[in-house]
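Please look over the sequence and the model shown here before reading the notes that come after them.

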Amino acid sequence: MVMSIDNVRGFALATSSSAFIGSSFVIKKIGLKKAGDAGVRAGSGGYSYLYEPLWWIGMTAMILGEVANFAAYAFAPAILVTPLGALSIIFSAVLAHFILKERLHMFGVVGCILCVVGSVGIVLHAPKEKKIDSVNEIWHLATQPGFIVYSCLAVVVALVLIFWVVHRTEQRKMLAYIAICSLMGSLTVISVKAVAIALKLSFNGVNQFIYIPTWFFIVVVIICCLVQLNYLNKALDSFNTAVVSPVYYVMFTILTIIANMIMYKDWASQNATQIATELCGFVTIVAGTFLLHKTRDMGNEQSESPSLRGECELQNH
């Protein structure tokens, strides 16, 4: 089947988005390292990276990637665009391998593949979203009991992670950082869609910025983005980029799909086969995430082992 011109444009925009976002992880980490050498590291609560040009280049690449991703949805359906976000994992892992010398173990590669396959499986079988014609309609959906419960749980869990888990454990700090980003990210996506619809309707002559819900969604976007940015910086500064990128993508994708399904109640239109397929995709993602998390340092250990053996031999002589 030949792709339409619009789908080709959407595919090109989504692919370029993944390239920008994947490279931004690596560029930002280089900037974070340089800033950490000159001041307090982001992982220790410092903000010296704000004065580092490389970090801002990475931020610019990430913004360009998000803009390209947003534009892709104007040309191609979500079923084509969303799975391509997994390509950012490949871009960041390859660049980190060659530029940052963060070796990805063979099991890490397998875990990465499992994450991508599982995420694509979920997205491809996710139900279609309802057509939204006004911000007030989104506000009505957002104030339904189901989504209010989800939003409250997301905020409470994020606060527990920020004020308790992060300060009490070192072993789970990476997952805590990424969970905070992903929980806030799921709320960001809901709010960004509302703002995007408001802009589209306003450009078509129906001003949506006279309504309070529009400004509420804008405030939510700003707050959630700032929290995401802060804790993503901490994760990148403290842990292997080749692990942070895929785990963040997987957790963010799952929570975003859950938030959308709760808010729009699309699960009611699905049959048993579709639900079973999504569950299989979820199990695949969990397996990939577990494998990545358990083998995150094995690649670096392998690359260091020859030199360590040489030192041991010199000491023995």
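The briefing below takes up a pocket, a lysine and the cysteines in turn.

This is a predicted model, and the values given here are computed from it. The second largest pocket, with a volume of about 320 Å³, is described before the individual residues.

**The second largest pocket**
- Of the 16 residues that line the second largest pocket, those closest to its centre are Phe147, Ser151, Leu187, Phe216 and Val220.
- Four helices, namely α6 (135-142), α7 (145-168), α8 (173-203) and α9 (212-238), each contribute at least two residues to the lining of this pocket.
- When the lining residues are sorted by type, 13 are nonpolar and three are polar, while no charged residue is found in the lining.

**Lysine 173**
- Lysine 173 belongs to helix α8, and it counts as buried because its relative accessibility is 14%, which lies under the 20% cut-off.
- Leaving aside residues up to four places away in sequence, lysine 173 touches Val166 and Phe239.

**The cysteines**
- Cysteine 181 has a relative accessible area of 1% and is therefore buried, and cysteine 224, at 6% relative accessibility, also counts as buried.
- The closest cysteine sulfur to that of cysteine 224 belongs to cysteine 225 and lies 7.2 Å away, which is too far for a bond, because a disulfide needs the two sulfur atoms within 2.5 Å.
- By this rule, the count of disulfides in the model comes to zero.

Notes: Residues numbered from 1 in each chain as written. Predicted model: local features only at pLDDT ≥ 70, side-chain atom pairs only at ≥ 80, totals over all residues. Heavy atoms only, no water. 1 Å grid on protein atoms, 1.4 Å probe; cavity = no way out; pocket = protein on both sides within 12 Å on 5 of 7 lines; lining within 4 Å. Points joined across faces, edges and corners; volume = space filled by probe spheres on them. Nonpolar A, V, L, I, M, F, W, Y, C, P; charged D, E, K, R; others polar. Buried < 20%, exposed > 50% of the residue type's maximum accessible area, 1.4 Å probe, protein only. Contact = heavy atoms within 4.5 Å.
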